[in-house]
Amino acid sequence: MMPEGMTSPDLVGLIERWVVSTLGLSGNWAPVVLLGAAGAVAAIMLTFVAVFAGPVTWVERRVAGRLQSRIGPNRVGPQGILQWLADGIKNLLKEDLIPEAADSLLFRLAPYLVFGGMFGAFVVLPFSAVGIAADLDIGIVYVLAITSIVVVGLIMSGWASNNKWSLLGGMRAAAQIVSYEVPTALALLVPVIISGSLSTQGIIRAQGAWPWEWNIAHSPLAFAAFFLYFVGALAEGNRTPFDIPEAESELVSGYNTEYSGFRFLAFAFAEWANLWIMSAVATTLFLGGWHVPGLEEIVGAMGAKVADTSVLYNLAGLVVFTAKSSLLVLMVIQVRWTLPRLRVDQLMSVSWKYLVPLSFVALVGTAAWMLAVVEVPALDVVARGLTFVAFAFLTVSGFLRARQNRILASEKRDWKWFI
Amino acid sequence: MERIVLRQLDRNQGEMLLNMGPHHPSTHGVINFLLQADGEIIKQAIPEVGYLHRGMEKIAEQTAYHGYMPYTDRVDYLAAIFANHGYALAVERLAGIEVPPRAEYLRVIASELNRIASHLIAVGSMVMDLGAFTPFLLGIREREKLNDFFEELVGSRLTYNYVRIGGVAHDLTPGFAERVLGFLDRFIPFLEEYDRLISYNEIFVGRLANIGVIDAGEATAWGLSGPNIRSSGVSWDLRRDDPYSVYPDLEFDVVVGKGWRGVLGDCYDRYYARIDEMRQSVRILRQAFARIPEGDIVAPKVPRKLKPPAGASCYAAVESARGELGYWVASDGTDRPTRLKIRTGSFTAMEIIKTKSRGLMIADLVALISSLDVVAPEIDR
Amino acid sequence: MKAVREYFVDLWRTVYSIWEGMSVTLSYFERRPTTIQYPEPGGMPLGKPLEETLPERFRGILEIDLDICSGCLTCSRTCPIDCIAVEMAKDAEGQRFLTRFDVDISKCMFCGLCVEECKTGALRHSPIFAAAMADPYNLVLRYITTPVKPYKQVKGVESKSEKPRGSIAREVLARWDSCRDDVSPDARHRPVLPSWSFGGDRAPAPAGEARAPAAVPEIGKEGSDA
């Protein structure tokens with residue numbers, strides 16, 4: 001854990017310092033350098049979003065294909081890996097249509113708001129020990145706040161399209177995202193209480209590298225909070241089973257019905273970016289972030305100390321973080337292709353009748369638990385052990401059940417993915 | 001139609017007219033629903049049919065009796081055998097043709113295979129309308145296997161044209177029975193897997209249970225038939241109550257709605273009745289393959305120019321996957337009918353949507369339409 | 001108390017049923033996809049062209065083996081939509097010739113009634129189902145290019161086509177595809193039957209005058225996909 005009062009290094013700061021020291025600039029240049037550094041980091045993040053959002057569409061389609069007993073795209077490039085490029089280019093070449101009856105200004109503005117809102121969250125997503133654009137003190141609150149801008153964009157697009165289906169989609173999106181902010185925020189407060197920090201890096205540093213040192217294993221309540229957050233984030237990102245704003249069998253395509261070309265792509269971009277955001281936030285807050293299991297022990301045994309700015313350490317952290325997030329992304333994809341969609345009123349009742357009370361319980365319970373642990377330290381060990389065992393049991397039993405399902409269907413095992 | 005709805009709109013309350021269709025993902029073909037809606041809540045949904053009208057009945061008046069058979073495939077493209085079978089039954093009764101038993105068994109085998117295929121689409125598209133895509137495609141996968149069987153038996157995957165007046169077109173191919181029975185053995189576990197995947201899913205149940213409840217009286221009054229009326233608790237099955245073909249010799253249960261996840265006659269009952277009917281079809285198929293006798297597959301001496309007695313008319317109906325599919329045929333002594341009327345289950349099921357849609361949400365209306373399993377060409381003919 | 005119990009039972013049932021559903025989809029990760037890769041001849045899992053795997057009864061494009069066609073016109077009379085046109089002519093010595101056997105496969109509904117009626121087995125379904133053409137009029141398949149003597153059926157002798165299934169249709173499709181230059185536009189654009197009539201036993205309507213070419217026929221590169 002960092003000493004009190006010190007912020008951990010971040011990318012903007014590193015670049016700034018590096019530029020100043022190499023060029024030997026005076027203090028007067030500070031604003032310019034800061035802007036330049038921020039721009040550079042924004043470019044890096046944007047590239048990451050683009051490079052993530054593209055291939056993940058391919059991954060999703062391949063996974064969905066596999067779940068549905070088919071293959072999925074495998075024509076463009078080896079195994080179809082360039083499918084996203086083909087789709088992107090196709091979308092860029094499409095005519096940019098703005099309906100005559102649409103409110104032209106709002107119609108144009110909406111995709112920027114949606115994409116901007118999603119992209120803004122990348123400021124505080126930590127990829128490694130220093131791999132964060134800016135380690136804000138109130139990172140979690142910032143994530144919640146900036147992603148809320150998306151709602152405005154969605155309503156705007158629904159309204160400006162001047163299409164009743166789009167309008168319904170926009171309204172649904174508003175109702176949904178606003179009500180799911182509450183349980184999501186409450187669930188996010190649980191790791192905040194546990195770690196005693198609102199900064200994303202601070203929360204990661206407060207956790208350990210091994211699964212039983214993660215926040216998710218802190219107590220059964222934290223374990224529940226993880227799932228509460230996960231469900232809430234699914235709803236905020238308009239993913240199935242909460243994809244009612246764009247329910248294609250009801251609302252044709254919802255708020256983005258009238259969009260085409262790059263504007264449509266911006267919505268899709270935001271959706272995929274959000275997929276990463278929700279997984280990354282869950283990894284950060286509950287799953288130990290970029291901590292590399294075993295690394296500190298090994299380095300400690302060699303008598304050295306891990307430096308935050310070490311390139312290797314950061315690369316290893318990046319790999320671990322990406323792996324954890326990708327697993328969550330895969331899970332989200334699987335959920336999407338398994339479950340049906342809720343109805344609007346059911347969506348509300350899930351939020352207000354189940355998620356909100358349960359997250360309150362988790363929040364208050366965690367606070368009480370913290371006090372109890374202070375009194376009886378053994379509780380912590382027991383709870384961590386039990387939660388870890390429960391988590392392992394859930395995972396293993398899921399796989400065993402899957403195996404049983406395959407055997408019941410009298411099919412042979414086939415892991416061949418590249419067909 | 002549109003003007004009628006527009007006149008009824010209460011604009012002060014923010015009501016709007018929504019055109020759901022003719023090209024809407026969940027109208028299952030080209031049907032238009034005029035929704036008088038207050039936001040998400042529907043005041044009424046008026047089905048506007050006729051976009052797919054092809055004049056099937058008029059075509060019959062100008063086509064010879066034998067030549068009309070391929071047209072009947074197009075009455076219901078998901079369950080063509082029933083349309084074939086009903087037409088053949090009607091003409092056979094009109095002309096007094098006796099069908100050999102082997103042909104009857106072959107008709108039953110084809111019908112029940114087709115019922116499974118059709119119900120797979122029905123439950124699959126219903127699930128897809130509620131947002132789950134995977135179960136639909138898994139159902140389609142099983143249906144492809146059935147289509148392969150039809151391709152082998154009949155030569156076609158969709159428009160079978162299998163039944164002939166006085167019999168059927170083709171006999172079983174060697175090894176067909178074993179392959180179908182092998183498929184059925186794996187099909188029952190598939191249905192169980194399907195149940196685990198989606199039927200028992202609480203989100204899915206929540207979307208369907210207690211929605212669009214049609215009680216027994218209403219179902220009878222509106223003339224529903226097939227799985228739709230049975231799931232309202234009325235035990236009415238033409239295979240048992242107006243026996244045709246060899247169904248009286250075969251043992252099967254008439255699936256009746258139980259209301260086990262909601263009220264009797266809700267959308268979930270209509271959904272699950274179809275899954276149960278697939279199980280019954282498997283039962284019938286196993287018996288049919290065990291009992292099928294040797295013999296002719298088409299009645300001897302069916303004249304090529306069929307001329308039923310002048311002035312004769314008759315009605316014959318089969319239990320199609322979508323309810324009673326009946327043909328009324330009138331003859332004037334020539335080789336083509338003077339009048340032919342087709343009664344289909346989908347058309348009658350459309351009627352009830354208007355009353356049942358009151359107070360539903362748009363998402364519920366989608367569930368209601370797909371739970372009635374309407375198919376656009378069957379509505380319009 | 002009951003309400004509280006129901007609340008948690010509901011919660012548990014939802015979670016459990018979702019877990020069950022997820023385990024079913026998870027099992028598909030280790031199950032083989034059923035997709036057949038279609039256009040390539042060696043596509044997984046067939047390993048040969050799809051046409052060769054189709055069953056014997058498959059109702060594809062109609063083909064006629066002129067070696068055993070007796071020119072009895074049954075097929076064209078049986079057809080409910082008159083998509084088959086057969087013409088006979090006599091030469092100076094009184095010898096009858098088949099001069100025309102056209103199948104309009106853009107109209108044909110592949111019902112198989114004509115094949116059932118054919119006494120010699122000359123008319124049959126090929127396993128070919130893909131016949132995209134650069135010009136829809138090319139879908140009128142003209143099986144006769146030079147007049148053919150009709151086959152005389154001998155009683156008691158079963159006539160059987162010697163040619164492999166699909167070979168005739170494939171040949172004709174190749175001949176008519178891609179708007180070859182040596183076929184005059186007039187001949188190419190001649191419709192089978194200009195009047196729309198319902199089948200039964202009516203005599204086929206007289207062949208009308210040649211239809212004017214719609215436009216300059218483009219030289220298509222699309223193969224017959226056979």
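User: Happy to start with chain C: what share of its contacts with a separation of 6 or more comes from residues 24 or more positions apart?
Analyst: This is a predicted model, so keep that in mind for every value here. Chain C is built from six helices and five strands. Among its contacts with a separation of 6 or more, the share from residues 24 or more positions apart is 78%.

User: Nice. In what order do the helices and strands of chain C follow one another along the sequence?
Analyst: There are six helices and five strands to place in chain C. Reading along the sequence, the pattern is α-α-β-α-β-β-α-β-β-α-α.

User: And what percentage of the residues of chain C count as buried?
Analyst: A residue needs 20 or more other C-beta atoms within 10 Å to be called buried. Chain C has 226 residues, and the portion that counts as buried is 33%.

User: Let's look inside. Which residues have the most contacts inside the largest nonpolar core?
Analyst: The largest nonpolar core holds 237 residues. The residues with the most contacts inside it are A:Val114, A:Ala225, A:Ala273, A:Ala282 and B:Val91.

User: Which residues does A:Val114 touch, leaving out those up to four places away in sequence?
Analyst: A:Val114 is listed among the residues with the most contacts inside the largest core. With residues up to four places away in sequence left out, its partners are A:Val150, A:Gly153, A:Leu154, A:Ala266, A:Phe267 and A:Ala270.

User: How many residues make up the second, separate core?
Analyst: Chain C contributes to this one: C:Cys75, C:Ala85, C:Val86 and C:Leu139 are included in it. The size of this second core is 32 residues.

User: On to the interfaces. Which helix of chain B gives the most to the side that touches chain A?
Analyst: In this contact, 32 residues of chain B meet 27 residues of chain A. Elements giving two or more residues on the chain B side include strand 1 (16-20), helix 5 (101-129) and helix 7 (176-199). By class, that side has 19 nonpolar, six polar and seven charged residues. The top contribution, five residues, comes from helix 7.

User: How many nonpolar residues does chain C have on its side touching chain A?
Analyst: Here 19 residues of chain C are in contact with 21 residues of chain A. On the chain C side, six are polar and three are charged, while the nonpolar ones number 10.

User: Helix 7 of chain B and helix 1 of chain C pack together; are they roughly parallel, roughly perpendicular or oblique to each other?
Analyst: Their axes are 7 Å apart, and the packing angle is about 125°. Roughly perpendicular covers 65 to 115 degrees and roughly antiparallel starts over 145. The angle falls outside both ranges, so the two helices are oblique.

User: Which residues of helix 1 of chain C make that contact?
Analyst: The crossing of the two helices is left-handed. By class, the contact has three nonpolar, one polar and three charged residues. Helix 7 of chain B supplies B:Glu193, B:Arg196, B:Leu197 and B:Ile198, and helix 1 of chain C supplies C:Glu20, C:Gly21 and C:Val24.

User: One backbone check: B:Asn161 has a positive phi, so is this residue buried or exposed?
Analyst: Most residues other than glycine have a negative phi. Phi of B:Asn161 is near 50°, and the residue sits in the loop between helix 6 and strand 4 (163-164) of chain B. Because B:Asn161 has 23 C-beta neighbours inside 10 Å, it counts as buried.

User: How many other C-beta atoms lie within 10 Å of C:Leu73?
Analyst: C:Leu73 is not a glycine, yet its phi is positive at about 70°. Its place is in the loop between strand 1 (62-64) and helix 3 (74-78) of chain C. C:Leu73 is partly exposed, and the number of other C-beta atoms within 10 Å is 15.

Note on methods. Residues numbered from 1 in each chain as written. Chains lettered and ligands numbered in written order. Predicted model: local features only at pLDDT ≥ 70, side-chain atom pairs only at ≥ 80, totals over all residues. Contact = placed C-beta atoms within 7 Å. Helix = DSSP H or I, 4+ residues; strand = E, 2+ residues; numbered from the N terminus. Nonpolar A, V, L, I, M, F, W, Y, C, P; charged D, E, K, R; others polar. Buried ≥ 20, exposed ≤ 12 C-beta atoms within 10 Å, placed from the backbone. Core = buried A, V, L, I, M, F, W, Y, C linked by C-beta atoms within 7 Å. Axes fitted to C-alpha atoms, helices over the stretch in contact; angles between N-to-C directions. Parallel < 35°, antiparallel > 145°, perpendicular 65-115°, else oblique. Left-handed = near helix turned anticlockwise from the far one by under 90°.
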